[in-house]
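Reader: I am learning to read protein structures and should like to put some questions about one of them. May we look at it together?

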Amino acid sequence: MPDSSPQPASITARVSRPQLLLGLIGAGIQLSRTPAMHEAEGAAQGFNTLYRLIDLDQLRLGPDALPELLTAAERMGFSGLNITYPCKQEVIPHLHELSDEARELGAVNTVVLREGRRIGHNTDASGFAESFRRQLPGVPLGRAVQLGAGGAGAAVAHAALRLGAGQLHLFDQDPARAEALAASLVARFGPGRAQAGGELKAALAAADGLIHATPTGTAEHPGLPLPAEWLHPALWVAEIVYFPLETALLRAARALGCRTAHGGGMAVFQAADAFRHFTRREPDAARMTETFLSFDR
């Protein structure tokens, strides 16, 4: 016979709460702090939240598996997915709709699954912009140098020009990629707002700030993205790498007295914006920051 005994109140409460199933698709994502931020924020807002890592490396899959993974997520009742390297561009053909931001950047890091439709968003640019405003208020924005012109680099570059950077000088290991990004920025923001290539040392000497948007400095790619002696005290330095939170670049910059912004800010605010898309609820960014920083205690 069925057990009719009273159930503990905590179990009843969990069962009655709305379900929120989310995930992250990408390669080498086991150290991501995104699951903890979403699960903690979801729980605080009354959701029974589960966030799954869909690691292409562990599954021995590539971006060509995206159609299968998206279909599986829909069938399993996922509300949405975050998308990271190497799938931010590759996911676009498999979506029904793009936000203006995602279309402009040509990259998606957030997919909302709702009513049989896949809607792509990009929260990298807004996440970087909010982090920059909070960590580097009042810095001069006349000239900035950016290292990295990939998917995240494109979002950060757009954010930098929206923040008011007068000119952005782009460098990338693939010069053609930097040239293409510069051309797209000029087309949108006007002549002279962006350029690519040239001498990095000379560009830094004339710059107000440095934006770092490459994987150098991560646990997998330790080290500096440029010679430390090319930095100077008048530079501000904004980092997008967040693991570790203090990269070799930030240590070198702080030793010179540079104002700095760590990559954790972008990680938190892009996650907060994604949570808003997934749930249509306003996230508590301070609470998500607390969850993020708890990893470093």
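Author: The questions below concern a predicted model, and each is answered in turn.

Reader: Which helix gives the most to the largest nonpolar core?

Author: In soluble globular proteins, nonpolar side chains tend to be buried together. The largest nonpolar core here has 32 residues, and those with the most contacts inside it include F128, L168 and W236. Several elements each supply at least two residues of this core, among them α6 (124-135), β8 (167-171) and α8 (175-189). With seven residues, the element that gives the most is α7.

Reader: What is the volume of the largest pocket?

Author: Rolling a probe the size of a water molecule over the atoms shows where empty space is left. Around the largest pocket, 48 residues form the lining, and T84, Y85, T214, P215 and T218 are the closest to its centre. The lining divides into 24 nonpolar, 18 polar and six charged residues. The volume of the largest pocket is about 1700 Å³.

Reader: Which residue does a cis peptide bond join to Y85?

Author: Most peptide bonds are trans. In the bond that follows Y85, however, omega is about 5°, and the bond is cis. The partner lies in the loop between β3 and β4 (97-98); this partner of Y85 is P86.

Reader: Is E115 buried or exposed?

Author: E115 has a phi near 55°, a positive value in a residue other than glycine. Its place is in the loop between β5 (110-114) and β6 (117-121). Because its relative accessible area is 78% and the cut-off is over 50%, E115 counts as exposed.

Technical notes: Residues are numbered from 1 along each chain as its sequence is written. This is a predicted model: local features need pLDDT of at least 70, side-chain atom pairs count only at pLDDT 80 or more; totals for chains, interfaces and linings use all residues. Side-chain values use heavy atoms; hydrogens and water are left out. On a 1 Å grid over the protein atoms alone, a cavity is a set of points where a 1.4 Å probe fits but cannot get out, and a pocket is an open set with protein on both sides within 12 Å along at least five of seven lines; lining residues have an atom within 4 Å of a point. Grid points are joined across faces, edges and corners, and a volume is the space filled by probe spheres set on the points. Ala, Val, Leu, Ile, Met, Phe, Trp, Tyr, Cys and Pro count as nonpolar, Asp, Glu, Lys and Arg as charged, and the others, Gly among them, as polar. A nonpolar core is a set of buried Ala, Val, Leu, Ile, Met, Phe, Trp, Tyr and Cys residues joined through side-chain atoms within 4.5 Å. Buried means under 20% relative accessible area, exposed over 50%, partly exposed in between (1.4 Å probe, protein chains only). Helices (H or I, at least four residues) and strands (E, at least two) are DSSP runs, numbered from the N terminus.
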